[in-house]
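Hi everyone, thanks for coming. I'd like to walk you through one structure today, so please have the viewer open and follow along as we go.

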Amino acid sequence: MSVVVKGKNDLLVFHCTIENHFDDVLKEIDELLDKPLFVEAGYYPKAFFDFGCRYLNEKELNCLLDVLLVKKRVIFCGVNLLKENEKIVDMYTKSIHAGEVVKIHRDTLFLMPLNEGGVIYSDSHVYFLGKVKGKVVGLSRDVRIYGHYFENAEIRIMNHCLHDVTTFTNVMIYDNKEEIVMKKEEDLWQESL
């Protein structure tokens, strides 16, 4: 179920998850509007659509409005959207094992380990909560890599490379155009003072 409807004051809020494809969410909204609650003669509840962290392009927004205009079952009271330029962080919840290659194009938080032999290619920032023993390849000079447990990891950003990176403290790793720099938490703390 990708849409949950909750009553709030005199408003029905359609909470739409970001895990499912937009077409599936739209289909579920369409089906919900055929339920007995919405088919009652003379009853038109106010409806607000909360898409949370999902960015809707103009075409998708028009598709939602088309469904609401065709059904004529609710009074449209607004939509909560993520602006295109707002930053959000994706989450990757599986371990990456030897031989696996993961390519990411958005800032991503990795909750599980990157094991030895696993590779991540990224053109966005990467955050690690688990161990990093594999290879992280930054495809852009702007890539920043954050983590707290690196064990014999390999970090490559553009044409620069660090081998056998091992640290057990919070670090930020980035390319300063001459070399890869690894700043530890205490260094970053001192800079902020």
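When I say that two residues touch, or are in contact, I mean that they have heavy atoms within 4.5 Å. With that in hand, let's try it on one residue. Which residues does Lys133 touch, if we skip those up to four places away in sequence? The answer is Leu114, Asn115, Glu116, Glu151, Asn152 and Ala153. Please keep in mind that this is a predicted model.

Let me stay with Lys133 for a moment. You will find Lys133 in the loop between S9 and strand S10, which covers 135–138. Is Lys133 buried, exposed or partly exposed? Its relative accessibility is 26%, so Lys133 counts as partly exposed, because that category runs from the 20% limit for buried up to the 50% limit for exposed. Glu116, one of the residues on that contact list, sits 17 residues from Lys133 along the chain, and the C-alpha atoms of the two are separated by 4.7 Å.

Now let's zoom out to the whole chain. The protein chain has 4 helices and 15 strands. Its radius of gyration is 23 Å, well over the 16 Å that the globule rule gives for 193 residues, so the chain is more spread out than a compact globule. If you rotate the C-alpha trace onto its principal axes, it spans about 70 × 40 × 25 Å. Of the 193 residues, 38% count as buried. The exposed area of the chain comes to about 11700 Å², and carbon and sulfur atoms supply 51% of that. As for contacts with a separation of 6 or more, 30% of them join residues 24 or more positions apart.

On to the inside. The largest nonpolar core has 21 residues, and the ones that touch the most other members are Phe110, Ile120, Phe128, Ile145, Phe150 and Ile155. Which elements give two or more residues to this core? They are strand S6 (101–104), strand S9 (126–128), strand S12 (150–157) and strand S14 (171–175). S12 provides the largest share, with 4 residues. There is also another core, apart from this one, with 19 residues, and among them are Leu26, Leu32, Val67 and Val74.

Back in the largest core, let's click on Ile155. Leaving aside neighbours within four places in sequence, Ile155 is in contact with Val136, Ile145, Phe150, His160, Cys161, Leu162, Val165, Ile173 and Ile180.

Next to Ile155 in the numbering is Glu154, which is found in strand S12. Is Glu154 buried or exposed? With a relative accessibility of 18%, Glu154 counts as buried, because the cut-off is under 20%. The side chain of Glu154 makes a polar contact with the side chain of Arg156, at 2.9 Å. Beyond four places in sequence, Glu154 touches Gly134, Lys135, Val136, Cys161, Leu162 and His163.

For the cysteine fans in the room, here is the disulfide part. A disulfide is a covalent bond between the sulfur atoms of two cysteines. How many disulfides are there in this model? The count comes to 0. Take Cys63: the nearest cysteine sulfur belongs to Cys16 and is 14 Å away, so Cys63 is in no disulfide, because the sulfur atoms would have to be within 2.5 Å. Cys16 is buried, at 6% relative accessible area, whereas Cys63 is partly exposed, at 30%.

Last stop, the backbone and a few exposed spots. Most residues other than glycine have a negative phi. Here are two residues to check with that in mind. Asp164, in strand S13, has a positive phi, near 50°. Lys177 also has a positive phi, near 80°, and its place is in the loop between S14 and strand S15, at 180–184. Asp164 counts as exposed at 55% relative accessibility, and Lys177 counts as exposed at 64%.

One more exposed residue is Asn159, with a relative accessible area of 73%. Asn159 lies in the loop between S12 and strand S13, at 160–167. Its C-alpha atom and that of Ala98, 61 residues away along the chain, are separated by 23 Å.

That's my tour, and I'm happy to go back to any of these spots.

Technical notes
Residues are numbered from 1 along each chain as its sequence is written. Side-chain values use heavy atoms; hydrogens and water are left out. A nonpolar core is a set of buried Ala, Val, Leu, Ile, Met, Phe, Trp, Tyr and Cys residues joined through side-chain atoms within 4.5 Å. Buried means under 20% relative accessible area, exposed over 50%, partly exposed in between (1.4 Å probe, protein chains only). A polar contact is a pair of N or O atoms within 3.5 Å; within protein, one must be able to donate a hydrogen and the other to accept it, and residues adjacent in sequence count only if both atoms are side-chain atoms. The radius of gyration is taken over C-alpha atoms; the globule rule is 2.2 Å times the number of residues to the power 0.38. Accessible areas come from the Shrake-Rupley method with a 1.4 Å probe; for residues, only the protein chains shown count as cover.
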